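Let's walk through a two-part model together. Have the picture open and follow along as the names come up.

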Amino acid sequence: MAPDAHGAIDAVWRIESARLIAGLARIVRDVGLAEDLAQDALVAALEQWPESGVPESPGAWLMATAKHRAVDRLRHKQMAERKQEEIGRELELEQQRAEPDLDAEIDDDIGDDLLSLIFTACHPLLSPEARVALTLRLIGALTTPEIARAFLVPEATVAQRIVRAKRTLAEAQVPIEVPRGSDRDPRLASVLAVVYVIFNEGYSATAGDDWLRPALCEDALRLGRILAGLAPEEPEVHGLAALMEIQASRSRARTGPSGEPILLLDQDRGRWDYVLIDRGLAALQRAEALGGALGPYALQAAIAACHARARTPEETDWDRMAGLYGALAQIAPSPVVELNRAVAVSMAFGPAAGLELVDALTSEPSLDGYHLLPSVRGDLLARLSRLDEARAEFERAVSLTDNERERTLLLERAAGCA
Amino acid sequence: MRFMVMVKADENSEAGVMPNEQLLREMGEYNEEMVKAGVMLAGEGLHPSSKGARVKFSGNERSVVDGPFAEAKELIAGYWLIQVKSLDEAIEWVKRCPNPMEGESEIEIRQVFEAEDFGDEFTPELREQENRIREQAEANQQ
């Protein structure tokens with residue numbers, strides 16, 4: 001076999017490990033044990049494949065090997081007798097089935113298994129950080145050092161989080177399943193939040209960061225796309241996929257030559273990624289086609305789509321955007337959403353309408369010290385030719401930000417209000 | 001990272017022979033697997049080169065040559081755009097593809113440039129120049 005056998009094995013692992021762990025977790029009913037078994041199979045592959053070559057069905061090979069290891073372990077370990085018998089019997093039954101059917105059998109259950117594993121990794125019993133680490137490790141096939149580097153935390157911290165998370169799940173005997181009934185919505189929200197946290201971590205990476213950080217965007221996109229395939233009946237799953245695709249479409253345009261951030265309306269739209277925009281718009285359409293009121297992700301995606309559809313800033317459908325922000329403010333009210341709504345309203349209906357909304361926010365304690373509030377207010381006042389007030393707002397905004405570029409920009413605007 | 005995965009043409013695909021039902025089904029399943037894995041971004045089959053054309057450049061001269069073109073094996077019959085972690089992963093996915101042609105065939109894997117790949121070659125000045133050109137192009141369109 002070629003000297004780059006390890007690269008090929010890495011690749012197989014990246015493709016197969018989530019399904020492998022998911023299938024094993026169903027059988028042994030323990031996420032930690034399932035991952036250990038999958039790792040055992042990987043070690044066996046690393047030992048054997050460089051000699052024997054990658055088998056024709058590497059996924060089935062890994063699964064069969066992991067199951068053998070499971071039987072071995074169960075025989076040799078001191079486990080509760082009944083559980084051992086029960087699981088051992090199930091495993092032997094599975095092994096008795098004809099080997100060629102293994103692939104088909106895995107494929108049949110695989111969707112449910114994988115979805116169950118994702119729900120388990122994002123279980124609300126775990127801390128948010130642990131959910132992220134476990135999801136990237138079990139479903140994203142990232143190693144612990146990769147996760148640590150991507151999140152700028154020590155490796156030992158991530159390792160600890162994962163170990164504790166597995167223990168927590170085992171001790172609480174969390175069933176590895178797709179939640180049904182009233183439990184489903186909050187659990188799904190937890191899964192989507194984890195994926196979006198991963199995406200935003202990657203999106204906030206700056207030039208010079210370890211490449212693993214921006215790569216988190218791709219990891220999150222992949223997770224989002226997998227989820228869309230596993231739970232196509234959930235509008236918010238498509239909503240999140242759409243939101244991430246559209247946001248990612250701007251990644252090339254959002255920083256300037258020396259790494260400075262470029263605001264959306266100032267971006268060179270020729271640098272947007274129209275493959276991702278098309279995918280995002282298609283995902284949004286799927287969310288909308290499922291009917292009902294749009295959830296927070298789909299609404300944010302619809303807002304992002306207003307920008308994505310406009311070939312120039314002037315073509316932006318501000319009217320529609322103001323309405324979407326209004327809907328978002330209803331189901332997920334926050335002062336920041338309200339501020340954004342004010343901007344959209346001012347673009348659609350004029351600065352006076354926007355100012356009315358912004359003025360209602362000036363007493364909002366959570367926006368205290370948030371430089372964008374006076375900055376937006378200054379802009380609206382300037383557009384209304386209330387220049388003295390506008391200048392005072394720009395100057396106040398300057399005093400609230402440490403970002404040099406923003407300060408320069410705001411000082412210029414203040415000077416322009418003379 | 002992204003890869004363009006290109007299926008090379010053969011005499012049949014160039015003659016406009018459509019894949020048989022079994023291949024279509026297997027290809028459909030393969031595509032579905034890549035979509036479900038979150039890997040496939042886009043992909044299309046291409047008409048034979050007889051429906052295409054080439055624009056040849058020589059200095060400032062341009063001349064158009066209509067298809068078909070010889071050397072079927074150098075032509076492209078279809079492509080995928082995939083997003084994976086490494087060339088190895090791209091290879092592993094392509095190995096799982098059903099043989100796209102009857103008999104011998106070839107699929108080529110090429111990495112897509114990302115903005116950061118241009119590195120120092122793509123200097124701020126060049127970027128700015130590119131931006132100016134774009135702005136000009138946009139202004140002309142209005």
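Chain A is assigned domain 1 (1-111) and domain 2 (122-251); bounds like these come from an automatic or database domain assignment. Before going on, note that this is a predicted model, where local features need pLDDT of at least 70, side-chain atom pairs count only at pLDDT 80 or more, and totals for chains, interfaces and linings use all residues. Residues are numbered from 1 along each chain as its sequence is written, while chains are lettered from A and ligands numbered from 1 in the order in which they are written.

**Where parts touch**

Two residues are in contact if their C-beta atoms, placed from the backbone, lie within 7 Å. By that rule, 13 residues of domain 1 of chain A meet eight residues of domain 2 of chain A. On the domain 1 side, α1 (5-28) and α2 (31-52) of chain A are the elements that give two or more residues, and α1(A) gives the most, with seven. Helices (H or I, at least four residues) and strands (E, at least two) are DSSP runs, numbered from the N terminus.

Chain B joins in too: 21 of its residues are in contact with 22 residues of chain A. Which element gives the most to the side of chain B that touches chain A? That's α4(B), with six residues. Others that supply at least two include β2 (40-45) and α3 (87-95) of chain B.

Here's how the two sides divide by class. Ala, Val, Leu, Ile, Met, Phe, Trp, Tyr, Cys and Pro count as nonpolar, Asp, Glu, Lys and Arg as charged, and the others, Gly among them, as polar.

| Side | Nonpolar | Polar | Charged |
|---|---|---|---|
| Domain 1 of chain A, touching domain 2 of chain A | five residues | three residues | five residues |
| Chain B, touching chain A | eight residues | four residues | nine residues |

**Inside chain A**

Chain A has 19 helices and zero strands, and its C-alpha trace spans about 85 × 50 × 35 Å along its principal axes. Of its 418 residues, 43% count as buried. Buried means that 20 or more other C-beta atoms lie within 10 Å of a residue's own; exposed means 12 or fewer, partly exposed is in between, and C-beta atoms are placed from the backbone.

Helix α6 (residues 128-138) of chain A is mostly covered, with nine of its 11 residues buried. One of the buried ones is Thr135(A), which is also in contact with Ile118(A).

A nonpolar core is a set of buried Ala, Val, Leu, Ile, Met, Phe, Trp, Tyr and Cys residues joined through C-beta atoms within 7 Å. The largest one has 134 residues, and Ile118(A) and Ile82(B) are among those that touch the most other members. Again α1(A) gives the most, this time 13 residues. Because domain 1 (1-111) and domain 2 (122-251) of chain A both give residues to this core, it lies between them.

**A hairpin in chain B**

Strands β3 (residues 53-58) and β4 of chain B run antiparallel, joined by six bridges; strands pair if DSSP finds at least two bridges between them. Ala53(B), for instance, has Asp66(B) as its bridge partner. Is strand β4 (residues 61-66) of chain B mostly covered or hardly covered? Hardly covered: zero of its six residues are buried.

**How sure is the predictor?**

pLDDT is the predictor's confidence in each residue, from 0 to 100. Chain A averages 89, and 92% of the residues score at least 70. Over residues 98-108 of chain A, though, pLDDT is below 50. Where pLDDT is low, the predicted coordinates should not be read in detail.

Key. Lists of a residue's contacts leave out its neighbours within four places in sequence.
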